Amino acid sequence: MNPFNLNNPPKNPSGFTAPEGYFESFSTRLQNRLEEQPPVKSISFWRKNAKTFYGMAAILVIGLGIGMLWRWEVQKEEEAHWSAIASYVSENTDLTDEHYLELIELQTTEVPVTSDTEAEALEEVLLENEALEYSITQ
Amino acid sequence: MENEKAFIQELLHPKTRDAAFGKLLQYYQKPLYYHIRSIVLDHDDADDVLQNTFIKVHTYLKDFKGESKLYSWIYRIATNESLTFLQQKNKRQGFTHSEWQEKALAKLETDVYFEGEAFQLQLQEAIARLPEKQQLVFKMKYFQEIKYEDMSEILGTSVGALKASYYHAVKKIEEFIKTN
C-alpha cells in the first residue's frame with residue numbers, strides 16, 4: 001500500500017462521489033423547488049428594523065419611568081422635610097397655626113417695585129398688608 | 001468566471017435572468033457540491049444544502065452589492081448553509097459536533113458514495129480531530145484548492161491567519177497518520 005502523502009494527493013483526495021446522473025438532473029429538481037417557493041415579500045423599513053425600534057421604545061419607557069420615580073421620591077422627601085419642620089416648629093415654638101399662616105402669606109406676597117412710583121407702590125402694599133407692616137416695624 | 005460585472009447584470013435583468021442563472025448553476029454546482037459534501041459528509045445532506053444554497057443565491061441576488069467577488073459570495077452562502085445545517089441537525093438529534101462527526105465517519109466506511117481507500121478514510125479521521133475552523137480551512141485548501149485570497153473573502157479571516165491555520169492542520173494530520 002502506498003503511504004499517504006499530503007504533498008502528492010491522489011486524483012480524488014476526499015474520496016467523495018455523487019450518484020450517477022446527479023448533476024444532470026440537479027438543475028431540473030432545483031427549478032421545481034424554485035417554482036414552489038413563495039414570492040419574497042418586501043419588508044418595510046419599520047418592520048425590518050422592528051427590533052431596534054422596540055428597543056428604543058423600551059429604553060424611553062424605562063427612562064421615563066425612572067425619571068418619574070425619581071421625581072416622586074424627591075417630592076416625598078421634600079414633603080417629609082417640610083412635615084418635619086412643621087412638627088418641630090409646632091413642638092418647639094409658641095407659634096400658633098394663625099401665625100404660621102400669616103408668615104406664609106407674607107413670604108408669598110409680591111412687592112411690585114418700579115423706578116418711578118417706588119415709594120407710592122410700597123406705601124400701598126403696606127396699607128393693604130397690615131401684617132407685613134407689623135412685621136417690618138417690629 | 002470571465003467578465004463578472006456583465007454576468008451579474010445578466011443575472012439581475014429580468015429578460016436574461018433565467019438563462020444566466022442556468023449558466024451559474026452549470027458552472028458552480030459541482031465544485032459547490034464537493035465543498036458542501038466535505039463539510040456535511042453525507043450525500044443526501046449535501047444535496048439538501050446545495051439546493052438551499054442555490055435557492056438563497058437566486059432569492060438574494062438582487063441584494064448582491066458587488067463588494068466581494070460573486071464566487072466568494074456564493075461560497076460564503078454555501079459554507080454558512082452547511083454549518084447551519086449541521087448545527088440544526090445536531091440540535092434536533094441531541095448530538096455534540098464531535099459525536100456527530102464520530103457517527104458520520106463510522107458511516108463513511110460503508111457509504112456507497114465514498115470510494116476512498118483506507119488512507120482517505122484515515123485522512124478524514126485525522127481531519128475530524130482538528131478544531132472546527134482548522135478543519136474548514138484544510139478542506140477548502142486541500143480538497144477544493146481554493147486560493148487563500150478567495151478563502152479570506154469567504155471566511156472573513158486574514159490570509160496570514162489562514163496560512164498559519166493550514167500549516168498547523170497539515171502538521172497535525174501528518175503526525176496522526178504517522179502514529180496510526
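User: Which residue follows α7(B), and what is the sign of its phi?

Analyst: In this predicted model, α7(B) is followed by B:E145, whose phi is positive, near 55°. B:E145 is a residue other than glycine, and its place is in the loop between α7 and α8 of chain B.

User: Is B:E145 buried or exposed, and how do you know?

Analyst: The count for B:E145 is 10 other C-beta atoms within 10 Å. Since a residue counts as exposed at 12 or fewer such atoms, B:E145 is therefore exposed.

User: Which residue in the loop between α2 and α3 of chain B can be set beside it, and is that residue buried or exposed?

Analyst: The residue is B:L41, which lies in the loop between α2 and α3 of chain B and has a positive phi of about 75° although it is not a glycine. B:L41 has 23 other C-beta atoms within 10 Å, and because the cut-off for burial is 20 or more, B:L41 is called buried.

User: What makes B:N180 buried or exposed, and where does it lie?

Analyst: B:N180 is placed in the segment after α9 of chain B. With 8 other C-beta atoms within 10 Å, it is exposed, because 12 or fewer is the condition for that word. Its C-alpha atom is separated by 9.5 Å from that of B:A126, a residue 54 positions away along the chain.

User: How do you know what span is expected of α7(B), and what span does it reach?

Analyst: Helix α7 of chain B, residues 132-143, has twelve residues, and from its first C-alpha to its last it reaches 16 Å, which is close to the 16 Å expected at 1.5 Å a residue.

User: Which residues of α7(B) are buried, and what covers them?

Analyst: The buried residues of α7(B) are B:L136, B:V137, B:F138, B:K139, B:M140, B:Y142 and B:F143. Their cover includes four other helices of chain B, namely α2 (17-40), α6 (118-128), α8 (148-155) and α9 (159-179).

User: Why is α2(B) described as it is relative to α4(B)?

Analyst: The helices α2(B) and α4(B), the latter spanning residues 70-93, pack at an angle of about 30°, with their axes 10 Å apart. An angle under 35 degrees counts as roughly parallel, and that is why α2(B) is called roughly parallel to α4(B). Their crossing is right-handed. The residues in contact are B:Y28, B:L32, B:H35, B:I36, B:I39 and B:V40 of α2(B), together with B:I74, B:Y75, B:A78, B:S82, B:L83, B:F85 and B:L86 of α4(B). By class, this contact has eleven nonpolar, two polar and no charged residues.

User: What makes α3(B) and α4(B) oblique to each other?

Analyst: The axes of α3(B) and α4(B) come within 9 Å and cross at roughly 135°. That angle is outside the range of 65 to 115 degrees for roughly perpendicular and is not over 145, the limit for roughly antiparallel, and the two helices are therefore oblique to each other. α3(B) passes α4(B) in a right-handed crossing. Here B:D45, B:V49, B:N52, B:T53, B:K56 and B:V57 of α3(B) meet B:I74, B:I77, B:A78, B:E81, B:S82 and B:F85 of α4(B), and the residues divide into six nonpolar, three polar and three charged.

User: Why is α1(A) called oblique to α3(B)?

Analyst: Helix α1 of chain A (residues 22-36) and helix α3 of chain B (residues 43-60) pack at an angle of about 55°, with their axes 10 Å apart. Because roughly parallel requires an angle under 35 degrees and roughly perpendicular one of 65 to 115, α1(A) is oblique to α3(B). The crossing is right-handed. In it, A:L30, A:R33 and A:L34 meet B:Q51, B:F54, B:I55 and B:H58, which gives the contact four nonpolar, two polar and one charged residues.

User: How many residues join the two chains, and which classes stand on the side of chain A?

Analyst: In total, 17 residues of chain A are in contact with 28 residues of chain B. The side of chain A that touches chain B has eleven nonpolar, five polar and one charged residues.

User: What is the secondary structure of chain A, and how much of the chain counts as buried?

Analyst: Chain A has six helices and zero strands. Of its 138 residues, 3% count as buried, that is, they meet the cut-off of 20 or more other C-beta atoms within 10 Å.

Technical notes: Residues numbered from 1 in each chain as written. Chains lettered and ligands numbered in written order. Predicted model: local features only at pLDDT ≥ 70, side-chain atom pairs only at ≥ 80, totals over all residues. Contact = placed C-beta atoms within 7 Å. Nonpolar A, V, L, I, M, F, W, Y, C, P; charged D, E, K, R; others polar. Axes fitted to C-alpha atoms, helices over the stretch in contact; angles between N-to-C directions. Left-handed = near helix turned anticlockwise from the far one by under 90°. Expected span 1.5 Å × (residues − 1).
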